[in-house]
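Colleague: Let's go through this model together, beginning with any residue you like and then moving on to whatever seems worth a second look.

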Amino acid sequence: MYITNPAGFQNRFLASFLDIIIIFLVTGTLSQLLYGVFYDGDNYYLTDSLGFLYYLLLPIFWYGYTLGRKMAGNRIVRIDGRKVGIGTMVLRNIVAGVVYIMTLGIGLIVSAFMVGIREDKRAIHDFIAQTYVTTDPPINS
């Protein structure tokens with residue numbers, strides 16, 4: 001295992017913040033076009049589904065990037081160097097999400113401290129999915 005240029009807390013936080021803004025604007029605009037309101041309390045399944053698919057699929061097809069990660073200059077990579085796949089992203093997003101929910105958010109707080117304190121900057125979801133977040137550009141892009 002060789003981790004190069006791990007992304008720190010501020011960089012990862014910026015990427016997440018940018019992704020949230022992007023998802024909010026895109027799904028809000030779609031909701032406006034479909035339902036006539038920017039967000040409709042009765043139709044969250046569409047916006048929630050699009051956000052879920054964004055986080056799950058975009059890193060698979062775009063070398064570990066989401067739009068926010070690309071803007072912040074970080075990406076998700078596997079410890080073994082292989083391409084991020086659907087199994088990796090399911091572990092990273094869904095399984096880790098279940099762990100965070102089961103610990104009532106304490107796991108998420110612990111993850112934030114892990115990214116801030118650990119030398120390799122890996123969080124709980126990184127350990128579950130055998131990934132880390134780097135500031136290195138992809139080799140194949």
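**From one serine to the whole fold**

Modeller: Ser16 is partly exposed, since its relative accessible area is 36%, where buried means under 20%, exposed over 50% and partly exposed in between, with a 1.4 Å probe and protein chains only. Before we go on, this is a predicted model, in which local features need pLDDT of at least 70 and side-chain atom pairs count only at pLDDT 80 or more, while totals for chains, interfaces and linings use all residues. Residues are numbered from 1 along each chain as its sequence is written, and side-chain values use heavy atoms, with hydrogens and water left out.

Colleague: OK, and where does Ser16 sit?

Modeller: Ser16 belongs to helix H1, which covers residues 9–35; helices here are DSSP runs of H or I with at least four residues, strands are runs of E with at least two, and both are numbered from the N terminus. Although Ser16 and Ala72 are 56 residues apart along the chain, their C-alpha atoms are separated by 9.1 Å.

Colleague: What about the overall layout, then: how many helices and strands are there?

Modeller: The protein has six helices and two strands, and along the sequence they follow the pattern α-α-α-β-α-α-α-β. The C-alpha trace spans about 50 × 40 × 25 Å along its principal axes.

Colleague: And what is the radius of gyration?

Modeller: The protein has 16 Å, which agrees with the value near 14 Å for a compact globule of 141 residues; the radius is taken over C-alpha atoms, and the globule rule is 2.2 Å times the number of residues to the power 0.38. Buried residues make up 37% of the 141. Of the contacts (heavy atoms within 4.5 Å) with a separation of 6 or more, 63% are between residues 24 or more positions apart.

Colleague: Changing topic, which residues form the largest nonpolar core?

Modeller: That core has seven residues, namely Ala7, Leu56, Ile60, Ile76, Val84, Met89 and Val133, where a core is a set of buried Ala, Val, Leu, Ile, Met, Phe, Trp, Tyr and Cys residues joined through side-chain atoms within 4.5 Å. Leaving out residues up to four places away in sequence, Val133 touches ten others you can pick out on screen, including its core partners Ala7 and Ile76 and the charged residues Arg12 and Asp126.

Colleague: Arg12 and Asp126, what links those two?

Modeller: They form a salt bridge, with the closest N and O atoms 3.0 Å apart; the term requires a side-chain nitrogen of Lys or Arg within 4 Å of a carboxyl oxygen of Asp or Glu. Arg12 lies in helix H1 and Asp126 in helix H6 (residues 124–129), so the pair ties together parts that are 114 residues apart in sequence. Arg12 is buried at 9% relative accessible area, and Asp126 is buried as well, at 0%.

Colleague: How many salt bridges does the structure hold?

Modeller: There are five. Among them, Asp80 pairs with Arg78 at 2.6 Å between the closest N and O atoms, and Asp80 also pairs with Arg82, at 3.4 Å. Asp80 is partly exposed at 43%, Arg78 counts as buried at 17%, and Arg82 is exposed at 55%. Elsewhere, salt bridges with shared partners join Arg12, Arg92 and Asp126 into one network.

Colleague: Does Arg78 turn up anywhere else? I mean, which residues does Thr88 touch?

Modeller: Leaving out residues up to four places away in sequence, Thr88 touches Arg78, Ala129 and Thr131. Thr88 is in helix H4 and is buried, with a relative accessible area of 5%.

Colleague: And the outside, which residues make up the nonpolar patch there?

Modeller: Phe52, Leu53, Ile86, Val90, Leu91, Ile94, Val95, Val98 and Met102 form the patch, with about 740 Å² of accessible area together, areas being computed by the Shrake-Rupley method with a 1.4 Å probe. Members need over 30% relative accessible area and no salt bridge, and nonpolar side chains are joined within 5 Å, whereas like charges would be joined within 9 Å. Helix H2 (44–61) and helix H4 (86–102) each supply at least two of these residues, and the largest share, seven residues, comes from H4. Val95, for instance, is found in H4 and is partly exposed at 34%. Over its whole surface the protein exposes about 8200 Å², of which carbon and sulfur atoms supply 69%.
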